[in-house]
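The following exercises introduce a structure step by step. Please study the sequence and the model before reading each solution.

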Amino acid sequence: MALRIIHWATGHTGKMVIRATAERPDYRIVGGFTYNPDKAGQDIGTVAGIDPLGVALTNDRAAILALEADCVLFLAGAENDVPGSIADICALLASGKNVVTTAANFIYPRSLGADVEAQLAAACAKGGATFHGLGIMPGFLAESVPLYLARLSRRVDRMVASETLMYDKYPSTYQMFDLMGFGYAPDDPTPAFANVELVGETWRHSGMLVADVLGLPIDRIENFRNVAITPRDLHVAAGTIRAGTVGAMNFGVRVISGGRERIVLQHFTRMAEDLAPEWPQGHGWLIDLEGEPTINARIDIGSDSVMPTDDACMATAMHAIHAVPYVVAAQPGIMLLTDAPPLAGTDAFHQAAPVA
């Protein structure tokens, strides 16, 4: 029997999830929630750029809660309304629906405080459902891969996970300008990420998860954001970045333990490849474990035919989609990323197009 799926939010990555879900004969889309009233009533397939699927999007939460479904793929960006997202997720769980989310804030519920963790656990118990937070970075490349590599170490002195991506082809004006702060003066407080506390609120959860798994007591978590200025106008998919404004940035968190920097989770993002040449280049992720032995891994993503940010979004989408069967089969409760089974993407081979 096909697993019944509800899609929650239809942004850039959300549309990828819809398209990939629709391809699978073992999944059946039964509902979709949108925050955008203009999308309400439209077919979810049409909104995702494929043929109609016979399922209308709604912005009526009660209508979604009334549906019978095995899993909700919660693709909302929760950083702007964490309490509202928690309330939505708890309602979904209490209604008996398992929830898989890519929101960075929910990678490690314990990091949100004992009250929030208890709310989620109570909702899971009430509905007999499982909650699973994952992602890509934060997510798989910030927690799973470094911790797998740590199995090969006698001693880890410092762990660094870095993402390096170009964003010149990423079309979201909100995310690139209003959220991250490209195109603003370096000291302009307007963009959200000008507040490094918000940067930390997005990535500290991953740092806490890794530290707890490794048994590192946390002295403090430091948030940082460094920017580089473009010397020329840049015309990118999200708009125009004027000369003298932010064209590249490095942001993330540092976990300090025992008076030393032990974990660093960071992003290097650019709007032109020649900006900030001293920073790491490429499209993908760098994992560095300093210790005995020192281990350095580079994971590149994408091809010349697809823009790297789309490939990273696709990786995020597929991480969520592959999680559905093991989340549905799990015992009720909070399932951490570190609790997930190690092999969860083997069905991707069955979805591949046949070789001519």
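**Exercise 1.** Leaving aside its neighbours within four places in sequence, with which residues is Trp-8 in contact?

*Solution.* The model is predicted: local features need pLDDT of at least 70 and side-chain atom pairs count only at pLDDT 80 or more, while totals for chains, interfaces and linings use all residues. Residues are numbered from 1 along each chain as its sequence is written, and side-chain values use heavy atoms, with hydrogens and water left out. Contact means heavy atoms within 4.5 Å. Under this criterion, and without those sequence neighbours, Trp-8 is in contact with Phe-33, Tyr-35, Arg-61, Ile-64, Val-72, Leu-73, Phe-74, Leu-75, Ala-76, Asp-88 and Leu-92.

**Exercise 2.** Identify the residues of the largest nonpolar core that touch the most other members.

*Solution.* Begin with the terms. A residue is buried under 20% relative accessible area, exposed over 50% and partly exposed in between (1.4 Å probe, protein chains only). A nonpolar core is a set of buried Ala, Val, Leu, Ile, Met, Phe, Trp, Tyr and Cys residues joined through side-chain atoms within 4.5 Å. The largest core has 99 residues, and Trp-8, Leu-73, Leu-93 and Met-176 touch the most other members. Helix H9 (residues 308-329) supplies the largest share of this core, nine residues. Helices (H or I, at least four residues) and strands (E, at least two) are DSSP runs, numbered from the N terminus. A second, separate core has seven residues, among them Ile-44, Val-47, Ala-48 and Leu-57.

**Exercise 3.** Determine which side of helix H5 (residues 114-127) is buried.

*Solution.* Consider the length of the helix before its faces. H5 has 14 residues and reaches 20 Å from its first C-alpha to its last, close to the 20 Å expected at 1.5 Å a residue; the expected span is 1.5 Å times one less than the number of residues. Within H5, Val-116, Leu-120, Ala-123 and Cys-124 are buried. They lie on the same side of H5, because they cover an arc of only 100° around the axis, the arc being that of the directions from the helix axis to the C-beta atoms. The cover over these buried residues includes helix H4 (82-94), S6 and strand S15 (333-335). On the face turned away from the buried side are the exposed residues Ala-114, Asp-115, Ala-125 and Lys-126. After H5 comes Gly-128, with a positive phi near 65°.

**Exercise 4.** How many disulfides does a search of the whole structure find?

*Solution.* A disulfide is a pair of cysteine sulfur atoms within 2.5 Å. The search finds zero. The sulfur of Cys-71 is too far for a bond, because the closest cysteine sulfur, in Cys-124, is 12 Å away. Cys-124 is likewise in no disulfide, and its nearest cysteine sulfur, that of Cys-90, is 7.8 Å away. Cys-71 is buried, with a relative accessible area of 0%, and Cys-124 is buried at 0% relative accessibility.

**Exercise 5.** Locate the cis peptide bond from Met-137 to Pro-138 and the one that joins Glu-292 and Pro-293.

*Solution.* For the bond from Met-137 to Pro-138, omega is near 10°. Pro-138 lies in the loop between strand S6 (130-133) and helix H6 (140-150). For the bond that joins Glu-292 and Pro-293, omega is about -5°. Pro-293 is in the loop between strand S13 (284-292) and strand S14 (295-300).
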